[in-house]
Amino acid sequence: MTPAYLEKHGVPQVPAEICAHQALVYTQLGSSWTFRKDGTEASVAVSGRVQFSAAEGIRGRQG
């Protein structure tokens, strides 16, 4: 999620809100993200129109 995307669509405040957003999906890690805070773990399914199977593709899209 880029700064421009977040400005337009809002910044997720809790992991569950990420489901409503488009993500850059790195397929080597699967389609869920796991967050940990204070011993609590939350996993959310992510989706997006852009998916990459190589890390170079993600790095090339940022910045």
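**Exercise 1. Find which residues Ala23 touches, then place Ala23 in the fold.**

Step 1: Ala23 touches Trp33, Val46, Ser47, Gly48 and Val50, not counting residues up to four places away in sequence; contact here means heavy atoms within 4.5 Å. Before going on, a word on the model: it is predicted, so local features need pLDDT of at least 70 and side-chain atom pairs count only at pLDDT 80 or more, while totals for chains, interfaces and linings use all residues. Residues are numbered from 1 along each chain as its sequence is written, and side-chain values use heavy atoms, with hydrogens and water left out.

Step 2: Ala23 lies in strand 1. Helices (H or I, at least four residues) and strands (E, at least two) are DSSP runs, numbered from the N terminus.

Step 3: Take one partner, Gly48. Ala23 and Gly48 are 25 residues apart in sequence, yet their C-alpha atoms are 4.7 Å apart in space.

Step 4: Is Ala23 buried or exposed? Ala23 is buried, because its relative accessible area is 6%. The classes are buried under 20% relative accessible area, exposed over 50% and partly exposed in between, with a 1.4 Å probe and protein chains only.

**Exercise 2. Identify the largest nonpolar core and follow Val25 out of it.**

Step 1: The largest nonpolar core has 5 residues in all: Ile18, Ala23, Val25, Val44 and Val46. Such a core is a set of buried Ala, Val, Leu, Ile, Met, Phe, Trp, Tyr and Cys residues joined through side-chain atoms within 4.5 Å.

Step 2: Beyond four places in sequence, Val25 is in contact with Gly30, Val46, Ser47, Gly48, Val50, Gln51 and Phe52.

**Exercise 3. Describe the hairpin of strand 2 and strand 3.**

Step 1: Strand 2 and strand 3 run antiparallel and are joined by 6 bridges; strands pair if DSSP finds at least two bridges between them.

Step 2: One of these pairings can be named: Lys37 has Thr40 in strand 3 as its bridge partner.

Step 3: Which residue of the hairpin takes a positive phi? With 2 residues between the strands, the hairpin has Asp38 at a positive phi near 50°, although Asp38 is not a glycine. Asp38 sits in the loop between strand 2 (32–37) and strand 3 (40–45), and Asp38 counts as exposed because its relative accessible area is 73%.

**Exercise 4. Locate the salt bridge and relate Arg36 to Pro15.**

Step 1: The whole structure holds 1 salt bridge, defined as a side-chain nitrogen of Lys or Arg within 4 Å of a carboxyl oxygen of Asp or Glu.

Step 2: The side chains of Glu41 and Arg36 form it, at 2.9 Å from N to O. Arg36 counts as exposed because its relative accessibility is 64%.

Step 3: Pro15 is 21 residues from Arg36 in sequence and 9.8 Å away in space, C-alpha to C-alpha. Pro15 belongs to the loop between helix 1 (3–9) and strand 1 (22–26), and touches Phe35, Ala42 and Val44, leaving aside neighbours within four places. At 24% relative accessibility, Pro15 is partly exposed.

**Exercise 5. Summarise the whole chain.**

Step 1: The chain has 2 helices and 4 strands, in the order α-β-β-β-β-α.

Step 2: Of its 63 residues, 17% count as buried.

Step 3: Among contacts with a separation of 6 or more, 44% join residues 24 or more positions apart.
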